[in-house]
Amino acid sequence: MKSSIAFVALFAFAVVQSSPVPDKNAETLRYDNAHNGIDGYSYAVETSNGIKQEEQAELRSFGDENAAIVVRGSYSFVADDGQVYVVNYVADENGFQPEAPHLPRA
């Protein structure tokens, strides 16, 4: 019985030790931000753990009295398998539209 408890405790310890821990010590390497009033914005962020994100937005008129912010951007990260994944996206009157080789296509 004691050996079963010891095995379970050892197994639980091994699972906790092997679980991935987010990089709590990641540092911001770059941060750019520009706000263009009601006409749009842009920003770029890069961290020491390989995360990058860039986004630009502009006010677009759709005729009549309708206008909305249209956003274009991308983000990338290093996955657990060591591969860098990049996602490009647009968010406009057609919704959020991500594109990446690893994402399924409609």
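This section describes the strand arrangement, the aromatic pairs and two individual residues of a predicted model.

The strands of the predicted model are organised in an open sheet of six, following the order S1-S2-S3-S4-S5-S6, with antiparallel pairing. Strand S1 (28-35) and strand S6 (95-99) occupy the edges, each of them pairing on one side only. With direction ignored, neighbouring strands of this sheet are turned by 10 degrees against each other on average. In general, strands of a sheet pair through backbone hydrogen bonds, either parallel or antiparallel.

At the S6 edge, the antiparallel strands S5 and S6 are joined by five bridges. The two strands form a hairpin, with two residues between them. Within this pairing, Asp92 stands opposite Gly95 of S6, and Val90 has Gln97 as its bridge partner in S6.

Aromatic pairing was examined next. Four aromatic pairs are present in the structure. In one of them, Tyr75 and Tyr89 have a centre-to-centre distance of 6.3 Å and an angle of 45 degrees between the planes, a tilted geometry. Tyr75 belongs to strand S4 and Tyr89 to strand S5 (residues 84-92), so this pair ties together parts that are 14 residues apart in sequence. The relative accessibility of Tyr75 is 32%, and the residue therefore counts as partly exposed. Tyr89, by contrast, counts as buried because its relative accessibility is 7%, below the 20% limit for that class. A further pair is formed by Phe77 and Tyr85, whose ring centres lie 5.7 Å apart; the planes meet at 25 degrees, so the pair is classed as stacked, the limit for stacking being under 30 degrees. Phe77 is partly exposed, its relative accessible area being 31%, whereas Tyr85 is buried at 17%. Thus the tilted pair joins partly exposed Tyr75 to buried Tyr89, and the stacked pair likewise joins partly exposed Phe77 to buried Tyr85. Tyr75 and Tyr89 also take part, together with Phe96, in one aromatic cluster.

Strand S4 (residues 67-78) also contains Ser76. A relative accessible area of 11% places Ser76 in the buried class. When neighbours within four places in sequence are left aside, the contacts of Ser76 comprise Gly50, Ile51, Lys52, Val84, Tyr85 and Val86. Tyr85, one of these contacts, is the residue that stacks with Phe77. As a general principle, side chains in a regular strand alternate between the two faces of the sheet.

The final residue considered, His35, is found in strand S1, which is an edge strand of the sheet. His35 counts as exposed because its relative accessibility reaches 63%, a value over the 50% limit for that class. Apart from neighbours within four places in sequence, His35 is in contact with Gly40 and Tyr41. A polar atom of the His35 side chain lies 3.2 Å from the backbone nitrogen of Gly37. The C-alpha atoms of His35 and Ala57 are separated by 9.6 Å in space, the two residues being 22 residues apart in sequence.

Definitions and conventions. Residues numbered from 1 in each chain as written. Predicted model: local features only at pLDDT ≥ 70, side-chain atom pairs only at ≥ 80, totals over all residues. Heavy atoms only, no water. Helix = DSSP H or I, 4+ residues; strand = E, 2+ residues; numbered from the N terminus. Buried < 20%, exposed > 50% of the residue type's maximum accessible area, 1.4 Å probe, protein only. Contact = heavy atoms within 4.5 Å. Phe/Tyr/Trp six-rings, centres within 6.5 Å; stacked < 30°, edge-to-face > 60°. Pairing = 2+ DSSP bridges. Axes fitted to C-alpha atoms, helices over the stretch in contact; angles between N-to-C directions. Polar contact = N/O pair within 3.5 Å; in protein donor to acceptor, adjacent residues only side chain to side chain.
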